[in-house]
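Here is a friendly briefing to read with the model open beside you. The notes are grouped by topic, so feel free to jump around.

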Amino acid sequence: MTLLGIGEIFGGGFIGYIRDRVSNKAAYIAEMILQVASIAVVVTFNNTNKFDWQAYVMCFVWGLQDSGLNCLIRSILGFEFESKITPFSVFNFVQSLGIFVVQL
């Protein structure tokens, strides 16, 4: 899980850099590519049924896409709404409620 944390560090910076320097559309496309890569690596890892280098790659790519997605969601919430408190509060509530329901 250390590589998940490293992926989280680099993912937000990578997507944030693309968003700031190029455009939102390019950041969304890069995030979709990361999402597809993450799903492909997870499916490939699950088919092998053994712990090897793919586990490390899976954790790293998973961290990249998760952090990039959070970066994009929070930038949308920060720029698209007049209130700076309400969108983040609603998002955190819905996210926490969703995690609670899924873990049940």
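A search of the whole structure finds zero disulfides, a disulfide being a pair of cysteine sulfur atoms within 2.5 Å. The same kind of search finds one salt bridge, where a salt bridge is a side-chain nitrogen of Lys or Arg within 4 Å of a carboxyl oxygen of Asp or Glu. Please keep in mind that this is a predicted model, in which local features need pLDDT of at least 70, side-chain atom pairs count only at pLDDT 80 or more, and totals for chains, interfaces and linings use all residues. Residues are numbered from 1 along each chain as its sequence is written, and side-chain values use heavy atoms, with hydrogens and water left out.

**Cysteines**

- A disulfide is a covalent bond between the sulfur atoms of two cysteines.
- Cys59 counts as buried because its relative accessibility is 10%; buried means under 20% relative accessible area, exposed over 50%, and partly exposed in between, with a 1.4 Å probe and protein chains only.
- Cys71 has a relative accessible area of 24%, so Cys71 is partly exposed.

**The salt bridge and Arg19**

- Asp20 pairs with Arg19 in a salt bridge, and their closest N and O atoms are 3.8 Å apart.
- Arg19 belongs to helix α1, residues 2–21; helices here are DSSP runs (H or I, at least four residues), numbered from the N terminus.
- Is each partner buried or exposed? Asp20 is exposed because its relative accessible area is 58%, whereas Arg19, at 19%, is buried.
- The side chain of Arg19 also makes a polar contact of 3.0 Å with the side chain of Asn24. Such a contact is a pair of N or O atoms within 3.5 Å; within protein, one must be able to donate a hydrogen and the other to accept it, and residues adjacent in sequence count only if both atoms are side-chain atoms.
- Another polar contact, of 3.2 Å, links the side chains of Arg19 and Ser75.
- Setting aside neighbours within four places in sequence, Arg19 is in contact (heavy atoms within 4.5 Å) with Asn24, Ala27, Leu72, Ser75 and Phe79.

**Helix α3: Gln54 and Asn70**

- Gln54 sits in helix α3, which covers residues 53–80.
- With a relative accessibility of 12%, Gln54 counts as buried.
- Beyond its neighbours within four places in sequence, Gln54 is in contact with Val41, Thr44, Phe45 and Thr48.
- Asn70 is also found in helix α3, and its 23% relative accessibility makes Asn70 partly exposed.
- Asn70 and Gly12 are 58 residues apart along the chain, and their C-alpha atoms are separated by 7.6 Å.

**Lys84 in the loop**

- Lys84 is placed in the loop between α3 and α4 (86–103).
- Lys84 is exposed, because its relative accessible area is 51%.
- A polar atom of the Lys84 side chain lies 2.6 Å from the backbone oxygen of Gly78.
- The C-alpha atoms of Lys84 and Met32 are separated by 27 Å, with their positions 52 residues apart along the chain.

**A nonpolar surface patch**

- Which residues form the nonpolar patch on the surface? Val90, Phe93, Val94, Leu97, Phe100, Val101 and Leu104 do, with about 760 Å² of accessible area together.
- Patch members have over 30% relative accessible area and no salt bridge, and nonpolar side chains (Val, Leu, Ile, Met, Phe, Trp, Tyr) are joined within 5 Å; the areas come from the Shrake-Rupley method with a 1.4 Å probe.
- Leu97 is found in helix α4 and, at 42% relative accessibility, counts as partly exposed.

Terms used. Helix = DSSP H or I, 4+ residues; strand = E, 2+ residues; numbered from the N terminus. Patch = residues over 30% accessible without salt bridge, like charges linked within 9 Å, V, L, I, M, F, W, Y side chains within 5 Å.
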